[in-house]
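These notes are meant for a colleague who is opening this entry for the first time. Please keep the sequence and the model side by side while reading the points below.

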Amino acid sequence: MRPLQISADTAQKLAKTLNVPLEQIMHMPQHILVAKLAEVEAAEKKKETKE
């Protein structure tokens with residue numbers, strides 16, 4: 001499996017947002033990355049509606 005075709009800046013932001021190591025982001029399958037981002041977004045929306 002080849003690494004994701006994303007910039008270094010994007011990879012760093014994703015690693016920080018998902019709280020995972022940078023190396024794991026670069027070798028994560030794209031469909032799993034999209035699912036994790038959707039989970040983070042859903043959690044943020046839920047948090048905003050509670051406030």
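**Notes on the predicted model**

1. A first remark concerns long-range contacts, with the caution that this is a predicted model. Of the contacts in the protein with a separation of 6 or more, 20% are accounted for by residues 24 or more positions apart.

2. On the secondary structure, the protein has 3 helices and 0 strands, and the pattern read along the sequence is α-α-α. Helix α1 covers 8-18 and α2 covers 22-26, with a loop between them, while α3 takes in residues 30-50.

3. On overall dimensions, the C-alpha trace spans about 40 × 20 × 15 Å along its principal axes. The radius of gyration of the protein is 12 Å, whereas a compact globule of 51 residues would have a value near 10 Å.

4. On the surface, the protein exposes about 4300 Å², of which carbon and sulfur atoms supply 54%. Buried residues make up 18% of the 51 residues. As for charge, there are 8 positive and 7 negative charges, and their mean positions lie 2 Å apart.

5. Which residues form the largest nonpolar core? This core has 9 residues, namely L4, A11, L14, A15, L18, V20, I25, M28 and L33. Its largest share, 4 residues, is supplied by α1.

6. One of the core residues, L14, deserves a look for its contacts. When its neighbours within four places in sequence are left aside, L14 is in contact with I6, N19, I25, L33 and L37.

7. Another core member, L18, is located in helix α1. Is L18 buried or exposed? L18 is buried, because its relative accessible area is 14% and the cut-off for burial is under 20%. Not counting residues up to four places away in sequence, L18 touches I25, L33, K36, L37 and V40.

8. The partner L37 belongs to helix α3, and its C-alpha atom is separated from that of L18 by 7.5 Å, although the two residues are 19 residues apart along the chain. Leaving aside its neighbours within four places in sequence, L37 is in contact with L14 and L18. With a relative accessible area of 31%, L37 is partly exposed, and therefore does not qualify as buried, since that term is kept for values under 20%. A further distance to check is the one from L37 to L4, which are 33 residues apart in sequence and 15 Å apart in space, C-alpha to C-alpha.

9. Where is N19 placed? The residue sits in the loop between α1 and α2, and its phi is near 60°, a positive value in a residue other than glycine. N19 counts as exposed because its relative accessibility is 69%, and exposed means over 50%. The contact list of L14 nevertheless includes N19.

10. A last point concerns K50, which is placed in helix α3. K50 also counts as exposed, so classed because its relative accessibility is 66%. From K50 to V34 the distance is 25 Å, C-alpha to C-alpha, with the two residues 16 residues apart in sequence.

Terms used:
Residues are numbered from 1 along each chain as its sequence is written. This is a predicted model: local features need pLDDT of at least 70, side-chain atom pairs count only at pLDDT 80 or more; totals for chains, interfaces and linings use all residues. Side-chain values use heavy atoms; hydrogens and water are left out. Helices (H or I, at least four residues) and strands (E, at least two) are DSSP runs, numbered from the N terminus. The radius of gyration is taken over C-alpha atoms; the globule rule is 2.2 Å times the number of residues to the power 0.38. Buried means under 20% relative accessible area, exposed over 50%, partly exposed in between (1.4 Å probe, protein chains only). Contact means heavy atoms within 4.5 Å. Accessible areas come from the Shrake-Rupley method with a 1.4 Å probe; for residues, only the protein chains shown count as cover. Lys and Arg count as positive and Asp and Glu as negative; His and the chain ends are not counted. The place of a charge is taken as NZ of Lys, CZ of Arg, CG of Asp or CD of Glu. A nonpolar core is a set of buried Ala, Val, Leu, Ile, Met, Phe, Trp, Tyr and Cys residues joined through side-chain atoms within 4.5 Å.
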